[in-house]
Amino acid sequence: MRNETAAFIQDQFPGSKWANPSSSRHQQASDVLADYAHEDIVDACRSMRASLSRTHCTAEELVGEIKRNQRKAAIRAKAD
């Protein structure tokens, strides 16, 4: 995970301590998010932030949101 990605996650979800590079869970979360681009993670954070009132999320929740966003984009592309 890039430093910009971790900083954006911390900005959007300050309660997500795993996004801090000095956290013991940071490497696990980086491994979970390794297959996804920075832009995908940022888009997922923005859409989750719009619908969640809490100040934390997990890496697995971000992966789920990324997959939902990708499915929505594929459906829109197919419709066009």
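**View 1. Helices α1 and α3 meet along their sides.** In this predicted model, E4, T5, F8, I9 and Q12 of α1 are in contact with H38, I41, V42, C45, R46 and R49 of α3. Contact means heavy atoms within 4.5 Å. The helices are DSSP runs (H or I, at least four residues), numbered from the N terminus. The axes of α1 and α3 come within 10 Å and cross at roughly 0°. Axes are lines fitted to C-alpha atoms, for helices over the stretch in contact, and angles run from 0 to 180 degrees between N-to-C directions. The two helices are therefore roughly parallel to each other, a term used for angles under 35 degrees.

Residues are numbered from 1 along each chain as its sequence is written. Local features need pLDDT of at least 70 and side-chain atom pairs count only at pLDDT 80 or more, while totals for chains, interfaces and linings use all residues; side-chain values use heavy atoms, with hydrogens and water left out.

**View 2. Helix α3 has a buried side.** The 14 residues of α3 reach 20 Å from the first C-alpha to the last, close to the 20 Å expected at 1.5 Å a residue. The expected span is 1.5 Å times one less than the number of residues. H38, I41, V42, A44, C45 and M48 are the buried residues of α3. Buried means under 20% relative accessible area, exposed over 50%, and partly exposed in between (1.4 Å probe, protein chains only). These buried residues cover an arc of only 160° around the axis, so they lie on the same side of α3. The arc is that of the directions from the helix axis to the C-beta atoms. On the other side of α3, A50 and S51 are exposed. The cover over the buried residues includes α1, α2 and α4.

**View 3. Helix α4 also has a buried side.** The 21 residues of α4 (residues 59–79) should span 30 Å at 1.5 Å a residue, and the end C-alpha atoms are 30 Å apart, which agrees. A59, L62, V63, E65 and I66 are buried in α4. They cover an arc of only 165° around the axis, which puts them on the same side of the helix. R71, I75, K78 and A79 are exposed on the other side of α4. The buried residues of α4 pack against α1, α2 and α3.

**View 4. E65 of helix α4 is joined to S47.** At 10% relative accessibility, E65 counts as buried. The side chains of E65 and S47 make a polar contact of 2.7 Å. A polar contact is a pair of N or O atoms within 3.5 Å; within protein, one must be able to donate a hydrogen and the other to accept it, and residues adjacent in sequence count only if both atoms are side-chain atoms. Leaving aside neighbours within four places in sequence, E65 is in contact with A44, S47 and M48.

**View 5. H26 lies in helix α2 (residues 26–33).** H26 is buried, with a relative accessible area of 12%. A polar atom of the H26 side chain lies 3.4 Å from the backbone oxygen of A19. Apart from neighbours within four places in sequence, H26 is in contact with M1, A6, W18, A19, N20 and P21.

**View 6. T58 lies in the loop between α3 and α4.** T58 is partly exposed, with a relative accessible area of 29%. T58 and G15 are 43 residues apart in sequence and 10.0 Å apart in space, C-alpha to C-alpha.

Note on methods
Parallel < 35°, antiparallel > 145°, perpendicular 65-115°, else oblique.
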